[in-house]
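The following paragraphs lead the reader through one protein chain, from its overall fold to some of its local details. Please keep the model in view while reading.

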Amino acid sequence: MTVNFQCLSADAIQAKQSISFILTTLPTFTLGPASPLPTRITKIPTIYPPLTSTTTPCPTSTVTTVSTTTVKVPVTTTVVQPTTITSTATITSTVTKTTEIVYTQSCSSTTTSPTQTTSSTTTTTKSTTTTPSTTTTTTTKQTTTTTLITDSTTRTTQTTPTQTTPSTTTTTTTPTKSSTTTTIQTTTTITTTQTTRTTATTTTTDKPCQTNYPPDWAGKNFTYKGVNIAGFEWGCLTDGSCTYPNSPPLTSTADGPGQMKWFVSNGMNTFRLPIGWQYVTPALGGAFDATEWATYDKLVQSCLAVNAYCIIDIHNYARWNNQIIGQSAVPDAPFVKLWQMIASYYASQPRVIFGLMNEPYRLNIATWAATLQKVVTAIRAIAPKHVILLPGVEFAHADTFISSGSAAALDAIVNPDGSKTNLIFDIHQWLDKANNGTDPNCVTDNIAVFAPLAQWLRCHGRQAFLTATGGGNDDTTNCNPLLCNQMQFLLANSDVFVGYTGWAAGSYDSEEFPAPS
């Protein structure tokens with residue numbers, strides 16, 4: 001047996017003749033990404049700069065200014081008597097000016113409703129806000145008091161004439177000295193109105209995310225990398241029926257445990273172990289089939305024995321005997337119970353991953369997401385930290401994960417504490433024209449599929465696990481270079497694509513594996 005390490009892949013498993021289109025291994029990478037890859041940019045400017053406010057708040061204050069002015073005005077007094085006495089008195093005028101500034105605040109706001117423009121990739125929101133206008137009214141009150149003093153009998157006269165008080169002349173006829181006091185009080189009101197209005201315009205572009213580029217640490221390695229060890233799901237059809245015989249990969253010719261040892265020796269660390277639902281619980285909602293489950297558990301224990309991650313995969317396309325789970329005569333409860341039993345069985349094994357369902361299709365995604373939420377809640381009561389894989393619709397294909405509504409619906413699924421920790425999206429993608437792995441010839445490297453998905457995942461803080469992918473493994477096909485391109489791109493974006501398991505080894509291979517070196 002020869003091993004081809006082109007693109008760091010171990011192309012060493014011979015596919016079963018009836019399914020020769022299946023690529024049975026995938027690359028194990030420890031190198032940096034190769035072209036074509038997204039250009040890395042550092043120090044990307046912030047897309048949402050903080051708005052610096054220049055608005056003037058509406059103030060409230062009182063300023064009082066007091067000034068005292070003394071004005072001396074000459075006054076002539078004539079007294080008519082047998083003898084004419086003329087005296088000159090001095091008038092001392094005290095002017096007290098009080099300025100009182102009263103601010104009257106009038107705050108109003110005008111908001112232009114947002115205008116939203118939506119395209120396939122960006123949403124633009126523009127809003128214009130007029131800050132509150134401020135009206136300042138200044139009122140000045142001026143009081144003037146004038147005192148006229150003469151050497152005579154006291155007489156007080158009070159007048160309130162106009163704003164100014166220049167001088168006053170008083171004539172008094174009396175046989176004796178006279179004293180006259182005149183008080184003049186003037187009040188002047190000055191009103192000043194000042195209006196300040198500031199308009200601030202903010203334009204925000206709501207893109208799917210701030211950057212499409214992975215962090216610097218991405219591209220070094222995957223968290224999970226491995227292969228499907230198939231066989232326990234044989235006999236299951238896309239209508240959700242499973243009929244014996246299946247083909248457990250526990251024989252000398254389909255040695256699943258031996259395969260896993262070999263893959264681990266070549267750098268892999270994860271194995272997906274598909275099984276049909278009816279083989280686990282022959283009766284809907286019933287207990288484990290003791291014999292079948294014990295046999296399946298041997299494969300799981302062999303996986304754990306090589307210190308690998310082991311994915312339990314229920315391979316029923318979201319159906320039980322052609323009835324969609326939770327959307328037909330089959331309710332959610334039996335499916336929830338199934339996963340409660342599996343979670344209880346492996347609750348003490350943190351390296352066991354729960355792959356809830358293989359390739360759902362043609363169902364209501366919102367209802368399906370509600371079903372998965374019930375399962376997640378039930379599992380978390382038993383195994384609060386295990387990784388759970390959430391599959392979308394359309395056979396969990398990556399190319400329709402966003403457009404089918406799977407991304408949005410599954411993103412709403414949460415743990416009981418409201419977090420999304422260890423809830424990872426389960427995706428599949430093939431390289432042949434039909435995107436179903438039935439053609440040995442490949443037509444794409446899927447970079448055009450994974451690039452927008454990487455952007456969406458990074459924007460929403462989520463991750464995906466490619467649990468089935470591949471192409472023809474015949475040397476005459478063009479799959480190997482296209483597969484290498486795909487895996488290099490995924491590796492470069494390993495912050496959001498946490499790993500892969502290629503399809504498939506297990507009972508699809510009957511070649512004896514060499515002992516690990």
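Helix 1, residues 256-265, offers a place to begin: this helix lies across strand 9 (224-230), strand 10 (270-275) and strand 18 (497-506). Its direction makes an angle of about 160° with that of strand 9. The model shown here is a predicted one, and every value in this account was computed from it.

The three strands beneath helix 1 belong to a wider arrangement. Which strands close into the barrel, and in what order? There are 8 of them, following one another in the order 9-10-11-14-15-16-17-18, and their pairing is parallel. From one strand to the next, the twist averages 30°. One pairing may be examined in detail: strand 16 (residues 423-430) and strand 17 (residues 464-470) run parallel and are joined by 6 bridges. Within this pairing, Phe 425 stands opposite Ala 464 of strand 17. Helix 7 (residues 447-460) lies across strand 16, strand 17 and strand 18, and it runs at about 170° to strand 16.

The chain as a whole can now be described. It contains 8 helices and 18 strands. Of its 517 residues, 47% are buried. Among contacts between residues at least 6 apart in sequence, 80% join residues at least 24 apart. The chain exposes about 24500 Å², and carbon and sulfur atoms supply 53% of this area.

The next topic is the interior. The largest nonpolar core has 87 residues, and the members that touch the most others are Phe 335, Trp 339, Phe 354, Leu 356 and Phe 497. Helix 5 (residues 365-380) contributes the largest share of this core, namely 8 residues. What does Leu 356 contact, once its neighbours within four places in sequence are left aside? Its partners include Phe 335 and Trp 339, together with Leu 372, Val 375 and Ile 379. Ile 314, Ile 388, Leu 389 and Leu 390 are also in contact with Leu 356. A second, separate core consists of 8 residues, among them Ile 311, Ile 353, Leu 389 and Phe 465.

Cysteines deserve separate attention. A disulfide is a covalent bond between the sulfur atoms of two cysteines. The structure holds 3 disulfides. One joins Cys 236 to Cys 242, with an S to S distance of 2.0 Å. The torsion about this S-S bond is about 110°, so the disulfide of Cys 236 and Cys 242 is right-handed. Both Cys 236 and Cys 242 are buried.

Another disulfide is formed by Cys 303 and Cys 310, whose sulfur atoms are 2.1 Å apart. The link of Cys 303 and Cys 310 is left-handed, with -105° about the S-S bond. Cys 303 counts as buried because its relative accessibility is 0%, and Cys 310 counts as buried because its relative accessibility is also 0%.

A further disulfide joins Cys 442 to Cys 479, again with an S to S distance of 2.0 Å. Where in the chain do Cys 442 and Cys 479 lie? Cys 442 is in the loop between strand 16 and helix 7, whereas Cys 479 is in helix 8 (residues 479-492); the pair links distant parts of the chain, 37 residues apart. This disulfide is right-handed, because the torsion about the S-S bond of Cys 442 and Cys 479 is about 100°. Cys 442 and Cys 479 are both buried. Cys 459, by contrast, has a relative accessible area of 24% and is partly exposed.

The backbone also merits inspection. Most residues other than glycine have a negative phi, and most peptide bonds are trans. The peptide bond from Tyr 244 to Pro 245, however, is cis, with omega near 5°. Pro 245 lies in the loop between strand 9 and helix 1. A cis peptide bond also joins Trp 503 and Ala 504, with omega about -5°, and Ala 504 is found in strand 18.

Two residues illustrate positive phi. Asn 322, which is not a glycine, has a phi of about 70°. This residue is located in the loop between strand 12 (319-320) and strand 13 (323-324). Glu 359, also not a glycine, has a positive phi of about 45° and lies in the loop between strand 14 (352-355) and helix 5. Are these residues buried or partly exposed? Asn 322 is partly exposed, with a relative accessible area of 48%, while Glu 359 counts as buried because its relative accessibility is 12%.

Notes: Residues are numbered from 1 along each chain as its sequence is written. This is a predicted model: local features need pLDDT of at least 70, side-chain atom pairs count only at pLDDT 80 or more; totals for chains, interfaces and linings use all residues. Side-chain values use heavy atoms; hydrogens and water are left out. A nonpolar core is a set of buried Ala, Val, Leu, Ile, Met, Phe, Trp, Tyr and Cys residues joined through side-chain atoms within 4.5 Å. Buried means under 20% relative accessible area, exposed over 50%, partly exposed in between (1.4 Å probe, protein chains only). Helices (H or I, at least four residues) and strands (E, at least two) are DSSP runs, numbered from the N terminus. Contact means heavy atoms within 4.5 Å. Two strands pair if DSSP finds at least two bridges between them. Axes are lines fitted to C-alpha atoms, for helices over the stretch in contact, and angles run from 0 to 180 degrees between N-to-C directions. Accessible areas come from the Shrake-Rupley method with a 1.4 Å probe; for residues, only the protein chains shown count as cover. A disulfide is a pair of cysteine sulfur atoms within 2.5 Å.
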